[in-house]
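User: I've got the sequence and the structure open, and I'd like to know how the labels on it are earned. Can you take me through the reasoning?

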Amino acid sequence: MITTLRTDITVKDICDGFVYNQLEGKGLFGLSGKLTIQPEYQRNYIYADGKRDVAVIDSMLKDYPLGLIYFVKIAADKFEVLDGQQRITSFGRFVTNKFAVKVDGMEQYFESLAPELQAKILNTRLTIYECEGEEPEIKSWFKTINIAGVPLTNQELNNAIYSGPFVTLAKEEFSNSQNANIQKWSAYVSGSANRQEFLECALDWVSKGKIEDYMALHRKDTNINELRTYFTSVIDWVSTVFTDVESEMRGLEWGRLYETYKNQPYSPQVVSDQIKNLYADPYVKNRKGIFEYILGGSTDTKLLEVRVFDEATKKSVYAKQKAEAEKKGISNCPLCAIGNNTNKNKIWTLAEMDADHVSAWSKGGATAIENCEMLCKTHNRAKGNK
Ligand SMILES: [Zn+2]
């Protein structure tokens, strides 16, 4: 990796060709068009609050340092700002008379400042690291530096590392908060377009979790057909199988579920009824598990974390079973008692037994004392696996 420390670039250089998009709230370009200030994946400009933006200008007027700025070199003489967008957009907006600061108690726009103060701002030199090189190097470097302010997410880093035509197109699709599909996606994917979470999810699904390999492989692609098609297929499948949108659906591993169950037929009406029943069931602790439970044929109750019998119930049932077993001279595990091995007379301790639903919970059996039976651990496990 090549890192170059630049101290020759001034505010004036950056502001040459500075474009601020009022509508999107973004500083877009500068440095005579060579610099992209806020690439699509970056958060919008948030310094326009009359405090943080003013503080940037005050710093320059008082000769305070503005701090390090990081550029990524994406092509010959083309750069993107990795860190420093907010500061750059602040002075860019000030120099183009978008806001005023107080100088000696007077509100002043740039154009009304004394010429020597204008010159002071324009001639302020910035401290900029330019970096270029192979992905692994840049990546480890990005992770090492302590970027000020809100840290970049993993996907923001990956976008910088694997920047190229593929990332540009992918960001247009998945990181664009104006995309009309965002609302639909939000039902199933958590996060926001601005912080790259939809893009991260789409890449995660299509790559089966190997996002970086996928980005490296497709870096030079000039289309995102596979990424878009796969993501759309998953979303369409989910919204077809599950016609009702529940808040617990957000952020589930739909890519994995799609791969596992996409070839199974489901009746949306039956599925919808099953969901309503499970949502109404007070014994279901984990509602997020309902969807996978249904997809898998309503057998794996572990996914639902069905409420278990409490200790008082277990103790009470244990005492009753033990007393009856001792009277009859048989084991207090009903299944051991009807068996033919050495355990048929064994009285197990409470610690050696587990509570079981006599009538299975999945067949409507309640988690109530009348439906509780204590079994030795071996029999409980054997029954639970059926
Ligand atoms: Zn037993």
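User: Why is Arg 6 called partly exposed?

Analyst: This is a predicted model, so take the values as computed ones. Arg 6 has 24% relative accessibility, and the partly exposed class runs between under 20% for buried and over 50% for exposed. So Arg 6 counts as partly exposed. Asp 8 lands in that class too, at 40%.

User: What makes Arg 6 and Asp 8 a salt bridge?

Analyst: Their closest N and O atoms are 2.9 Å apart, and the cut-off is within 4 Å. The value passes, so the pair counts. Salt bridges with shared partners also join Arg 6, Asp 8 and Glu 130 into one network. Over the whole structure, the search finds 18 salt bridges.

User: How do you know that Lys 34 and Asp 77 make a salt bridge?

Analyst: Same kind of check. The closest N and O atoms are 3.9 Å apart, which is still within 4 Å, so Lys 34 and Asp 77 qualify. This pair links distant parts of the chain: Lys 34 is in the loop between strands S3 (26-30) and S4 (35-36), while Asp 77 is in the loop between strands S5 (68-75) and S6 (78-83), 43 residues apart. Lys 34 is partly exposed at 30%, and Asp 77 is partly exposed at 43%.

User: What about Lys 322 and Glu 326: where do they lie?

Analyst: Both are in helix H15 (residues 311-328), four residues apart, or about one turn of the helix. Their side chains meet at 3.6 Å, N to O, and that is within the 4 Å limit, so salt bridge is the right name. Lys 322 has a relative accessible area of 29% and Glu 326 has 45%, so partly exposed fits Lys 322 and Glu 326.

User: Why is the site of the zinc ion called tetrahedral?

Analyst: The angles among its four donor atoms are 100 to 115°. The rule asks for all angles between 85 and 135 degrees, so the site is tetrahedral. For comparison, the ideal angle for four tetrahedral donors is 109.5 degrees.

User: Which atoms are the protein donors, and how far from the zinc ion do they lie?

Analyst: They are Cys 333 (SG), Cys 336 (SG), Cys 376 (SG) and His 379 (ND1), at 2.0 to 2.3 Å. Donors have to be within 2.8 Å of this metal, so these atoms make the cut. Along the chain their spacing is C-x2-C-x39-C-x2-H. Cys 336 belongs to helix H16 (residues 334-337) and His 379 to helix H17 (residues 377-384), so that pair ties together parts 43 residues apart in sequence.

User: Are Cys 336 and His 379 buried or partly exposed?

Analyst: Cys 336 is at 4%, under the 20% limit, so it counts as buried. His 379 is at 24%, so it counts as partly exposed. Cys 131 is buried as well, at 1%.

User: How many disulfides are there?

Analyst: The count is zero. A disulfide needs two cysteine sulfur atoms within 2.5 Å, so zero here means that no pair meets that cut-off.

User: What makes the span of helix H11 close to the expected one?

Analyst: H11 (residues 225-241) has 17 residues and reaches 24 Å from first C-alpha to last, against an expected 24 Å. Its buried residues include Leu 227, Phe 231 and Trp 237.

Definitions and conventions
Residues are numbered from 1 along each chain as its sequence is written. This is a predicted model: local features need pLDDT of at least 70, side-chain atom pairs count only at pLDDT 80 or more; totals for chains, interfaces and linings use all residues. Side-chain values use heavy atoms; hydrogens and water are left out. Buried means under 20% relative accessible area, exposed over 50%, partly exposed in between (1.4 Å probe, protein chains only). Helices (H or I, at least four residues) and strands (E, at least two) are DSSP runs, numbered from the N terminus. The expected span of a helix is 1.5 Å times one less than its number of residues. Donors are N, O and S atoms within 2.8 Å of the metal (3.2 Å for Na, K and Ca); water is not among the atoms, so sites may look incomplete. Four donors count as tetrahedral if all angles lie between 85 and 135 degrees; four count as square planar and six as octahedral if opposite donors are over 155 degrees apart and all others between 65 and 115; anything else is irregular.
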